[in-house]
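Got the viewer open and a hand on the mouse? Let's take a walk through this model, one selection at a time.

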Amino acid sequence: MHIVFDWNGTLLNDVQVVLECDSQVGAEFGLWGPVTLAYYRENFDRNWRAFYSTLAGREITDNEIVAIDKRWHEIYSELAPQASLFDDVGAVLDALDQSNIVKSLHSMYPHEFLVPIVESFGLTKRFTEVDGKRDPDEGHPKAEHLQQHVDRLRESGETNFAIVGDNV
């Protein structure tokens with residue numbers, strides 16, 4: 001058995017940081033006001049352009065989405081240290097270790113930022129692989145990126161998977 005964990009929102013409780021990033025980006029670009037948790041939960045879409053277009057009340061342009069994404073990640077990198085792991089993460093990982101269940105970590109967060117934050121919690125050694133988005137221009141949806149992660153694991157001999165995340 002191999003469990004693939006998502007990072008943001010599954011192991012890392014960063015929703016307040018995400019809301020602050022969305023709110024700051026909206027204000028800086030003059031596109032929308034503060035984003036509340038209720039609004040986020042009701043309207044969240046993995047398609048960032050669709051989500052931000054809904055927030056802005058109009059279609060976000062190609063140039064805007066690139067600039068928004070860049071600025072969002074800059075703000076997130078500044079605020080990420082405020083986030084914490086969910087309360088039971090350590091106990092869950094300990095139980096899986098005791099059961100000899102292999103784990104990897106997959107995230108759409110940029111790889112160069114993901115690895116240091118995972119390490120800051122002392123978790124890197126708990127996973128066979130920590131895999132973030134490696135190409136900033138990579139337009140692949142999360143499902144495709146996750147499939148690539150699973151395919152690499154299959155190439156190394158893994159055959160039985162469970163995926164744990166916070167959205168469909």
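Select strand 1 and strand 4 to begin: they run parallel and are joined by five bridges. Keep in mind as you look that this is a predicted model. Now click on Phe 5 and look across to strand 4, where Leu 105 stands opposite.

Stay on Phe 5 and look towards strand 6. Which residue of strand 6 does Phe 5 stand opposite? That would be Val 164. Strand 1 and strand 6 pair in the parallel sense too, with four bridges between them.

Next, colour strand 4 (102–110). Eight of its nine residues are buried, so strand 4 is largely enclosed by the rest of the structure. Strand 4 also pairs with strand 5, in the parallel sense and over three bridges. To find your way there, pick His 106 and look for Asp 131 in strand 5, which it stands opposite.

Zoom out to take in the sheet. Its four strands come in the order 5-4-1-6, with parallel pairing, and the sheet is open. Strand 5 (130–133) and strand 6 (161–164) are the edge strands, each pairing on one side only. Turn the view a little and follow the twist, which averages 20 degrees from one strand to the next. While the sheet is in view, add helix 6 (residues 111–120), which packs on it and touches strand 4 and strand 5. The direction of helix 6 makes about 145 degrees with that of strand 5.

Before leaving the sheet, go to Asp 6, found in strand 1 (residues 2–6). Is Asp 6 buried or exposed? With a relative accessible area of 8%, Asp 6 is buried, because anything under 20% counts that way. Show its side chain along with that of Thr 10: a polar contact of 3.1 Å joins the two.

Now for the helices. Select helix 3 (residues 48–56) and start at its N-terminal end, which is capped by Asn 47. A side-chain oxygen of Asn 47 lies 3.1 Å from the backbone nitrogen of Arg 49. After helix 3 comes Gly 57, with a positive phi near 75 degrees.

Which residues of helix 3 are buried? They are Phe 51, Tyr 52, Ser 53 and Leu 55. Bring up helix 1, helix 2 (37–43) and helix 4 (62–79) to see what these buried residues pack against.

Keep helix 3 and helix 4 on screen and hide the rest. Their axes come within 11 Å and cross at roughly 95 degrees. The two helices are therefore roughly perpendicular to each other. Want to see who meets whom? From helix 3, show Trp 48, Arg 49 and Tyr 52; from helix 4, show Asp 62, Ile 65, Ile 68 and Trp 72, the residues they meet.

Aromatic rings are the next stop. A search of the whole structure finds 14 aromatic pairs. Try Tyr 40 and Phe 44: their ring centres are 5.1 Å apart and the planes are at 45 degrees, so this pair is tilted. Tyr 40 is buried, at 14% relative accessibility, whereas Phe 44 is partly exposed at 26%.

Then move to Trp 48 and Phe 51, an edge-to-face pair with 6.3 Å from centre to centre and 75 degrees between the planes. These two are three residues apart in helix 3, so about one helical turn separates them. Trp 48 is partly exposed, with a relative accessible area of 28%, while Phe 51 is buried at 0%.

For the wider view, select Trp 32, Tyr 40, Phe 44, Trp 48, Phe 51, Tyr 52, Trp 72, Tyr 76, Tyr 109 and Phe 113 together: they form one aromatic cluster.

Last stop: Gln 24, in helix 1 (residues 15–28). Gln 24 counts as partly exposed, at 24% relative accessibility. Leaving aside neighbours within four places in sequence, Gln 24 is in contact with Ile 75 and Leu 79. To finish, put a distance label between the C-alpha atoms of Gln 24 and Trp 72: they are separated by 8.2 Å, though the two positions lie 48 residues apart along the chain when you count from one to the other.

How values were computed. Residues numbered from 1 in each chain as written. Predicted model: local features only at pLDDT ≥ 70, side-chain atom pairs only at ≥ 80, totals over all residues. Heavy atoms only, no water. Buried < 20%, exposed > 50% of the residue type's maximum accessible area, 1.4 Å probe, protein only. Contact = heavy atoms within 4.5 Å. Polar contact = N/O pair within 3.5 Å; in protein donor to acceptor, adjacent residues only side chain to side chain. Phe/Tyr/Trp six-rings, centres within 6.5 Å; stacked < 30°, edge-to-face > 60°. Pairing = 2+ DSSP bridges. Axes fitted to C-alpha atoms, helices over the stretch in contact; angles between N-to-C directions. Parallel < 35°, antiparallel > 145°, perpendicular 65-115°, else oblique.
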